[in-house]
Number of protein chains: 2
Amino acid sequence: MNTLELIKKNLDTFSKSERKVAEAILASPETAIHSSIANLAKMAEVSEPTVNRFCRRLDTKGFPDFKLHLAQSLANGTPYVNRNVNEDDGPEAYTSKIFESTMACLNTAKNGLDTNLINRAVDVLTQANKISFFGLGASSSVAHDALNKFFRFNIPVSCFDDIVMQRMSCINSSEGDVIVLISHTGRTKLLVEVAQLARENDAFVIALTEANSPLAEQSNLVLSLGVPEDTDVYMPMSSRIAQLVLIDVLTTGFTLRRGAKFRDNLKKVKVDIQDSRFEKTNDEDF
Amino acid sequence: MNTLELIKKNLDTFSKSERKVAEAILASPETAIHSSIANLAKMAEVSEPTVNRFCRRLDTKGFPDFKLHLAQSLANGTPYVNRNVNEDDGPEAYTSKIFESTMACLNTAKNGLDTNLINRAVDVLTQANKISFFGLGASSSVAHDALNKFFRFNIPVSCFDDIVMQRMSCINSSEGDVIVLISHTGRTKLLVEVAQLARENDAFVIALTEANSPLAEQSNLVLSLGVPEDTDVYMPMSSRIAQLVLIDVLTTGFTLRRGAKFRDNLKKVKVDIQDSRFEKTNDEDF
DNA sequence: TTCTTTTATGTAGTTTTATTTCATTTTCAG
DNA sequence: CTGAAAATGAAATAAAACTACATAAAAGAA
């Protein structure tokens, strides 16, 4: 956990002198990491061993080790000990908080991913006759994004955010078809039914969803992000960002698997797009 | 700049022994920050003063200071000095790289944002009679995402990824209407024309795009992300993630601005959604 | 090449910094 | 109060980092 938060949280478990140290650090963490133990002791008006004991109480090896931890937690850009947005946050505050919590969320997602499963998903996708991406509501923009990416591979790919179209598409599917279902919770009834329908028609179902959810149980392969519930009360945020990055990962895996010759095709698409642009550009929106 | 990258970049400016130090650090940065200067010297098979000189060459005060810098750059999540995906990366490698570069990109975006402009954008949005989100190609999923969020506010909001619909919508717009245009490069000709059309019809144009681009020049307010060009050769990735987070920021600003009573409405929408779910859920996909 | 100059590197000693030990003070239950 | 336990700091010790200087290697000039 973030060292700065940890100190703040444990303020009342410290002894009198140790609290002085804690307060000196909280007052100016940047100074703390650039001070020697003697210096910090003087600032906190305690003795050096007290500072040392303080460091150990926080599960570090000693003062230098503590400084390292503290430096990392400062770098991690969490000046906001509480990352949730408050009623009275200004633009500066809520902007930082949202960016930071999104980054934290991606980090969690990264650590929670099973790369073996990703590899298998890439296997399945590269061998598919047809790929479909389905999502409902907020997840539909993730599905669209996936469509936009896989579309460039010049393989049969589709995307529906209409439940009826999704069902029809499933009914028409057959072995060799891959259906990617996107749902943060994995509990949307309609989408679980789509998964069942797809499997009844021999399609392979990959789910980007929560592990152990009803949708996960109906799927052949589950890529779960292990992302904590969205902290924001009102709508899904970070979790969907993580899904999008996962799509990027799958796309990249797909590209790599297909090899060099295949990648030339992508460049052609890109060059063509540039004609619709104003001068100077290597990038694209399409 | 990131210390790890800095080391890699300056590899050839170092002397022979100093390069040994650099390589020892790059080989295992985590070990490096937990070693004493003597230890690291041994690992790199050089003398202690050489390590010290190496540190100073990187503009640090000495070894402990260098460790601090290194620790911070590790915390920032960049074990992969080279963040670009290679031909021969395995799933483990490319997954990490993509997540990490996305996080790095968000960090850059965060630092480059002008919160005053965000605040103004929120102003404009809260006072709008009608809000439209337009994007083409890959940016259209960002627009959809925005629609999905603002839709909950129970205000007139629309989203088109069809250029004809976009133009028609602009022609029908009038003062008090806000049109949000999304384009990473800001150089897509058709979208620049849409911006012109919108302004001719007295709409207020907010652009999520690159500063100083043709689109930026045609807009009333530009939110530029200052995100580096996408490193991936084939398609836009991180930049669009940053745009999505920016949408989250605008949504949050909007919610906060509207005040507490307004937020009750959001909860109602959420509770209603839950009926379409399998038990246990506080989250949502819709 | 060979000698000179410059630069790079390491050894050993010095200084700074951190840690341990132990004596003193404080706290608090009985 | 009193005495055990905990907290604190002074001083000594140990560890780490740095400096000065000597030597070795490399580069350049004759």
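**Exercise 1. Sort the surface near DNA strand D in this predicted model by residue class: how many nonpolar, polar and charged residues does the surface have?**

Step 1. Start with the neighbours: DNA strand D has 19 residues around it, and the closest are A:S15, A:S17, B:I37, B:N52 and B:R56.

Step 2. Now split that surface by class. You get six nonpolar, seven polar and six charged residues.

Step 3. Check which part of the strand faces the protein. Sugar and phosphate make up 78% of the atoms of DNA strand D that come within 4 Å of the protein.

**Exercise 2. Work out which helices supply the surface near DNA strand D, and which of them gives the largest share.**

Step 1. Go chain by chain and keep helices that supply at least two residues. Chain A offers α2 (16-27) and α5 (48-57), while chain B offers α5 (48-57) and α6 (63-75).

Step 2. Pick the top contributor: α5(B), with four residues, has the largest share.

**Exercise 3. Find polar atoms of the protein that sit by phosphate oxygens of DNA strand D, and say whether each belongs to backbone or side chain.**

Step 1. Set the cut-off: a polar contact needs N or O atoms within 3.5 Å.

Step 2. Try the backbone. At B:I37, a backbone N or O atom is 2.3 Å from a phosphate oxygen of the strand. A polar backbone atom of A:S17 also qualifies, with a phosphate oxygen 2.7 Å away.

Step 3. Try the side chains. B:K16 has a side-chain N or O atom 3.1 Å from a phosphate oxygen of DNA strand D.

**Exercise 4. Repeat the job for DNA strand C: list the closest residues, the helices, the classes and the phosphate contacts.**

Step 1. Neighbours: 19 residues surround DNA strand C, with A:I37, A:N52, A:R56, B:S15 and B:S17 the closest.

Step 2. Helices: α5 and α6 (63-75) of chain A, plus α2 (16-27) and α5 of chain B, each bring at least two residues. Here α5(A) takes the largest share, with four residues.

Step 3. Classes: the surface near DNA strand C comes out as six nonpolar, seven polar and six charged.

Step 4. Strand atoms: 76% of those within 4 Å of the protein belong to sugar or phosphate, and bases account for the rest.

Step 5. Phosphate contacts: a backbone N or O atom of A:I37 lies 2.4 Å from a phosphate oxygen of DNA strand C. For B:S17, a polar backbone atom is 2.7 Å from one, and for A:K16 a side-chain N or O atom is 3.0 Å from one.

**Exercise 5. Leave the DNA and classify the ring pairs that A:F254 makes with A:F150 and A:F153: stacked or edge-to-face?**

Step 1. Get the overall count: there are 14 aromatic pairs over all chains.

Step 2. Take A:F150 and A:F254. Their ring centres are 5.3 Å apart and their planes meet at 80 degrees, so this pair is edge-to-face. Helix α9 (residues 139-150) holds A:F150 and helix α13 (residues 238-274) holds A:F254, so the pair links parts of chain A that are 104 residues apart.

Step 3. Check burial: A:F150 is buried at 0% relative accessible area, and A:F254 is buried at 0% too.

Step 4. Take A:F153 and A:F254. With centres 4.5 Å apart and planes at 10 degrees, the pair is stacked. A:F153 sits in the loop between α9 and β2 (157-160), 101 residues from A:F254, and A:F153 is buried as well.

Step 5. Put the rings together: A:F133, A:F150, A:F153 and A:F254 form one aromatic cluster.

Definitions and conventions. Residues numbered from 1 in each chain as written. Chains lettered and ligands numbered in written order. Predicted model: local features only at pLDDT ≥ 70, side-chain atom pairs only at ≥ 80, totals over all residues. Heavy atoms only, no water. Near = heavy atom within 4 Å. Polar contact = N/O pair within 3.5 Å; in protein donor to acceptor, adjacent residues only side chain to side chain. Nonpolar A, V, L, I, M, F, W, Y, C, P; charged D, E, K, R; others polar. Phe/Tyr/Trp six-rings, centres within 6.5 Å; stacked < 30°, edge-to-face > 60°. Buried < 20%, exposed > 50% of the residue type's maximum accessible area, 1.4 Å probe, protein only.
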